[in-house]
Amino acid sequence: MTMNEIMKNTLSLLLLALCPMSMSAQNPLITNQFTADPTARVFNNRVFVFPSHDIISPVEPEKKWFSMADYHVFSSTDLSEWSDHGVILSQEQVPWGNPKGYSMWAPDCVEKDGKYYFFFPDAPKEGRGFGIGVAIADRPFGPYKPVEKNIEGVMGIDPCVLQASDGNAYLFWGGGGLVVAKLKDNLLELDGKPERITTLPEGFKEGPFAFERNGKYYLTYPWVRKEKGTETLAYAMSDNPMGPYEYKGLIMEESATGCWTNHHSIVDYNGQWYLFYHHNDYSPSFDKNRSICCDSLFFNADGTIQLVKPTLRGVGITDARKPVQIDRYSEIGGGAAIEYHDTLNYFQGWKTVFPKGGYVRYNKVEVKGEGAKNVCLKVKTRANASAVLELLDGKTSYKMTVKLPSTDGAWQEVNVPVKAVAAGVYDLRFTAKADMEVDWLSLTAEPKETYFTPATDALMTPDADGFIRRWMLLEPIDKPNRSNVVFTDTYLREHLTKEYFSGEFSVLPKDGDKVTVEGKRLTWHALESNRFNVKLFRFATGLDKQVYGVLFCAVTVIDCDEDIENVRLAVGSNSASMWWLNGKEAVLLSGDRRMVKDDCISPRLTLKKGRNILRGVVINGPGMSDFCVRFIDEKGEPVKNCRITLK
Ligand code: FUB
């Protein structure tokens, strides 16, 4: 590696730690992967959530059980916008763990003297069951270095460390009941014998989470009430960290959707207490693939805890300029209902289906800065559709009729000017005056820039500069790469010529066609780019898809009235890409590239009379993917005497 490459590589890793991937969300909090067993901790006035990372077992997909190979950490300062700091520890890194154990269950993390101690269960290299290990870092988001051996004397799961005001740290864990032991100052060894907690009502218990408030110790835990059969969240209190603990009641009842487990943590952030827990929102029929959520938690004056009802709205204030996912409603009525966008790919999220008169209320959206004069909606409407939008803050209230253009029953982002709304935090109420479906809405000062419009059958030629703007684009394929320096010719030939789904290099897809890549259903979209460069990054964000560590497939058809000889394909892309004309490789753009017009130019080609199929695959690690493509002639002039058809 050259010095330049080393520096670029280091910079990319640093950027991922410092500028992590971010997503806005309500419940569930993480929208692009499964997350479970959330332990929330506040470090440096930022909430960090250390969850388990559920996956479908890559070794035994038919075995319907937990499978976890690594941990990510997520953080937020407003509990609405979440950053994924990436993988902080994986099973191959644990010296004492089975590198193929897939048993990295519920973790915890605490800070002591400026070091972060990450406690995690794992299957040992030899023998059965679980050990609990520690990995140490200088920062909450790592890098974490696992300690050579697991903690002696601890066999079990679900570690939780209580740093009590008596100056000691106590380790709680589960596995055949709940256990507690004092930790030595180094947090790596037990200081005395573990004690079983035996004072709680009967029934399966795991996932202990202990904390201290106003001189009382709370032991909270998932608990199965005999008569119900799935996990509640319950709690007990004591005057001592090691107990005895007296049972006090439930914090959350059994999941309404039948998720067998629940697992939680409770944290005070800026004077409000929050309960983090999990449900199975993105996996309704397999409850070992879970998703973390958060709701506010309240104490009574005597220190007991009020029951928390899980909500979709969750917590935090939502920035009105971003897509407000009204399907995460505070209240719904009039026949409105939420549905999954795609029951074969639940990560596509939800939409709200409104009959005439259906409504939702979504509390706490913030109109920032100069206020709003425009509402942007992703909708499916027919002719003469309208809705009433109300913004209520107790003092001022706005009520306006939003006249919507027809989208002919297809999803489209539309901008509608509305009367000026002053900056402030409002509860939003949206009432449909005709049948319609809404994905999200935003309130902005100016019409929101739209990067794409749905492709039509209208005649389309290359634009004035010859750029091709009508494309079939496939939703991003997961292709994790922390840095783009790996994009050598050899890497690209191996990874971009590989068939990720059947027909990738032979079938001409139609709008809405679906393919399956590593178990994920991805949809083709027929789009016209509003700019000369096709902003794949915006394409992905518009669909709430992952934007980094991705591979995009693009196809278009160039229809010519006659053979056009001696043309060259001129491409710019961010990052690397590979292009084929009529099945033959035309040009390869390798390395960590920025999108520059005509960056790479193919050898001479012929655009034949009739249809020519142009395919491209763009790959990117951390970066804003896009591409621009045109044909140029011998003089470098753009080729425009052709049509772009997609058929
Ligand atoms: O995530 C695996 C296990 O499921 C946890 O360790 C338990 O607490 C339960 O949530």
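Around the ligand in this predicted model stand Asp 37, Phe 66, Met 68, Trp 105, Ala 106, Asp 158, Glu 206, Thr 261, His 263, His 278 and Arg 290. Sorted by class, this shell comprises 4 nonpolar, 3 polar and 4 charged residues.

Several members of the shell place polar side-chain atoms beside oxygen atoms of the ligand. For Asp 37, a polar side-chain atom lies 2.4 Å from a ligand oxygen. In Asp 158, an N or O atom of the side chain is 2.4 Å from an oxygen atom of the ligand. Arg 290 likewise has a polar side-chain atom 2.7 Å from an oxygen atom of the ligand. On its own, the ligand has 280 Å² of accessible area, and the protein covers 99% of this area.

Attention may now turn to two strands later in the chain. Strand β27 spans residues 385-392 and pairs with β28 in the antiparallel sense, over 8 bridges. Within this pairing, Glu 390 has Lys 399 of β28 as its bridge partner. The two strands, β27 and β28, form a hairpin with 4 residues between them. In the turn, Gly 394 has a positive phi of about 90 degrees.

How do the side chains of strand β28 alternate along residues 397-404? Tyr 398, Met 400, Val 402 and Leu 404 point to one face and are buried, whereas Ser 397, Lys 399, Thr 401 and Lys 403 point to the other face and are not buried. Such a pattern has a general basis, because side chains in a regular strand alternate between the two faces of the sheet. Lys 399, the bridge partner of Glu 390, thus belongs to the set that is not buried.

Technical notes:
Residues are numbered from 1 along each chain as its sequence is written. This is a predicted model: local features need pLDDT of at least 70, side-chain atom pairs count only at pLDDT 80 or more; totals for chains, interfaces and linings use all residues. Side-chain values use heavy atoms; hydrogens and water are left out. A residue is near a molecule or strand if one of its heavy atoms lies within 4 Å of it. A polar contact is a pair of N or O atoms within 3.5 Å; within protein, one must be able to donate a hydrogen and the other to accept it, and residues adjacent in sequence count only if both atoms are side-chain atoms. Accessible areas come from the Shrake-Rupley method with a 1.4 Å probe; for residues, only the protein chains shown count as cover. Ala, Val, Leu, Ile, Met, Phe, Trp, Tyr, Cys and Pro count as nonpolar, Asp, Glu, Lys and Arg as charged, and the others, Gly among them, as polar. Buried means under 20% relative accessible area, exposed over 50%, partly exposed in between (1.4 Å probe, protein chains only). Two strands pair if DSSP finds at least two bridges between them.
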